[in-house]
Amino acid sequence: MEHPENNAEYAGLQVNAGVEQPSTINPYLARMRKKRQVLFSVQEYVEGILRGDVTRLSQAVTLVESTLPEHQIVAQEVIEKCLPYSGNSVRVGISGVPGAGKSTSIDAFGVHLLDNYGGKLAVLAIDPSSEKTKGSILGDKTRMEKLSVHPKSFIRPSPTAGSLGGVARKTRETIILCEAAGYNNIFVETVGVGQSETACHSMVDFFLLIQLAGTGDELQGIKRGIMEIADGIVINKADGDNVDRANLAATQFRNALHLFPMPDSGLIPEVKCYSGFYDIGIDEVLAMIFRHIDHVKKNGYFQHRRNEQSKYWMHESINEQLKSGFYNDTDIRQQIGSMEREVLDGHITSFVAAKKLLDTYYNKLKNAAT
């Protein structure tokens with residue numbers, strides 16, 4: 001473009017054309033785009049997991065969490081082939097009230113564990129999913145600054161996807177893959193506390209409950225029944241001016257534990273105080289966990305608990321498959337809307353509508369069998 005300032009009447013004044021403005025679209029965008037996931041063969045997944053390939057392990061976990069039928073077929077075959085190499089880890093479930101410092105504590109526990117006990121650690125951090133958007137932040141890794149860069153650790157945040165107790169539906173299968181990859185310590189971080197945390201208790205060897213002092217939660221913990229399934233209770237943030245309150249809370253919890261019958265493990269849960277932020281008392285907490293594990297291995301409860309867990313998850317899988325088969329049936333999907341309208345209009349009760357739908361489903365299965 002010619003500038004009028006370059007005319008003769010403006011002698012001595014010259015304006016250059018300037019630099020051509022770049023495109024507003026990043027020319028490297030096409031290269032940066034995420035490539036579509038390539039499915040490997042079952043053997044490639046298994047071989048990668050067994051040699052400790054973190055990338056292949058992560059890809060396999062993604063398949064396990066996927067709801068696509070083709071992914072589930074591959075995932076189940078991978079799990080089946082990895083099953084003989086699993087079961088050789090110590091599984092620890094960690095729960096507590098929101099803000100109790102679960103992620104910070106796991107960071108401290110994990111680093112101390114790897115530095116003092118050796119081995120490898122896998123952390124399955126469960127992140128709550130939004131009831132509205134169904135999305136999750138998956139940001140637990142940001143609160144595990146030291147552990148996230150440790151070469152012997154594997155951190156996998158997963159969404160709850162509405163599953164019971166804040167434990168992701170596929171966490172148990174993920175544990176099998178991590179154990180096959182050589183991770184001899186597994187931490188499962190759950191969301192919140194409550195009676196539904198039995199879902200986590202049914203897949204770990206030691207259930208650790210993190211509490212805070214001075215929150216008025218001592219009796220709430222008893223009322224909700226969470227203390228009945230805890231194998232150990234720890235009071236976090238026992239530092240500075242909070243030490244006395246933490247020790248008082250620990251005494252209250254110890255007294256409360258004597259109100260419960262003796263656990264099947266034969267051990268009354270211990271209560272410890274520590275500070276995850278300042279790394280105070282971490283060794284005592286880890287020693288408590290491994291002391292418990294050694295005891296239950298000697299008296300046979302360790303294997304008994306794992307056997308009961310396997311049966312529990314078999315029945316849970318049956319329930320899940322039956323529910324999925326029912327709601328994915330074409331006839332049920334066509335009739336369920338009309339049944340809902342009849343219930344809302346007051347023509348039939350919810351129980352009658354449910355029975356009609358179930359009868360339709362069972363009759364279809366019966367006719368298909370004949």
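Modeller: Let's fix the vocabulary first: a residue is buried under 20% relative accessible area, exposed over 50%, and partly exposed in between, using a 1.4 Å probe and protein chains only. The model is predicted, so to speak of local features we need pLDDT of at least 70, and side-chain atom pairs count only at pLDDT 80 or more, while totals for chains, interfaces and linings use all residues. Residues are numbered from 1 along each chain as its sequence is written, and side-chain values use heavy atoms, with hydrogens and water left out.

Biologist: Okay, then why is Lys237 called partly exposed?

Modeller: Its relative accessibility is 37%, which falls between the two cut-offs, so partly exposed is the label. Lys237 is in the loop between S6 and helix H10 (243-257), and its phi is positive, about 65°, although it is not a glycine.

Biologist: And what makes a stretch a helix or a strand here?

Modeller: Both are DSSP runs, numbered from the N terminus: H or I over at least four residues for a helix, E over at least two for a strand. By that rule the protein has 14 helices and 7 strands.

Biologist: Why does Asp279 get the label partly exposed?

Modeller: Its 32% is in the middle range, so the label follows. Asp279 is in the loop between strand S7 (270-273) and helix H11 (282-299). Its phi is positive too, near 55°, in a residue other than glycine.

Biologist: How do you know how far to trust the model?

Modeller: Look at pLDDT, the predictor's confidence in each residue, from 0 to 100. The protein averages 84, and 81% of the residues score at least 70. Residues 133-137 stay under 50, and the model has 9 contacts for them beyond four places in sequence; a contact means heavy atoms within 4.5 Å.

Biologist: What makes Gly232 count as buried?

Modeller: Its relative accessibility is 0%, below the buried cut-off, so buried it is. Gly232 is in strand S6 (residues 232-236). Setting aside neighbours within four places in sequence, its contacts include Phe206, Phe207, Pro269 and Met288. Gly232 and Leu267 are 35 residues apart in sequence, with 9.8 Å between their C-alpha atoms.

Biologist: Why is Ser202 called buried?

Modeller: At 7% its relative accessible area is under the cut-off, so it earns the label. Ser202 belongs to the loop between helix H7 (198-201) and strand S5 (206-212). Not counting residues up to four places away in sequence, it touches Arg172, Gln309, Tyr312 and Trp313.

Biologist: How do you know that H3 is close to its expected span?

Modeller: The expected span is 1.5 Å times one less than the number of residues. H3 (residues 54-65) has 12 residues and reaches 16 Å from first C-alpha to last, against an expected 16 Å.

Biologist: What makes you say the buried residues of H3 line one face?

Modeller: The buried ones are Arg56, Leu57, Ala60, Val61, Leu63 and Val64. Down the axis of H3 they fall within an arc of 155°, so they line one face of the helix; the arc is that of the directions from the helix axis to the C-beta atoms. They pack against helix H2 (42-50), helix H4 (69-82), strand S3 (153-159) and helix H6 (171-180).

Biologist: What caps the N-terminal end of H3?

Modeller: Asp53 does, with a side-chain oxygen 3.0 Å from the backbone nitrogen of Thr55.

Biologist: Which residues of H2 are buried, then?

Modeller: Val42, Tyr45, Val46, Gly48 and Ile49. Seen down the axis of H2, these fall within an arc of 165°, so they line one face as well. Their cover includes H3, H4 and H6. Just after H2, Gly52 takes a positive phi of about 80°.

Biologist: How many disulfides does a search of the whole structure find?

Modeller: The count is 0, where a disulfide is a pair of cysteine sulfur atoms within 2.5 Å. Among the cysteines, Cys178 has a relative accessible area of 0%, so it is buried, whereas Cys273, at 22%, is partly exposed.

Biologist: Last one: why is Tyr327 partly exposed?

Modeller: It has 44% relative accessibility, which is in the in-between range, so that's its class. Tyr327 lies in helix H12 (residues 301-327) and touches Arg333 and Ile336, not counting residues up to four places away in sequence.

Conventions
Polar contact = N/O pair within 3.5 Å; in protein donor to acceptor, adjacent residues only side chain to side chain.
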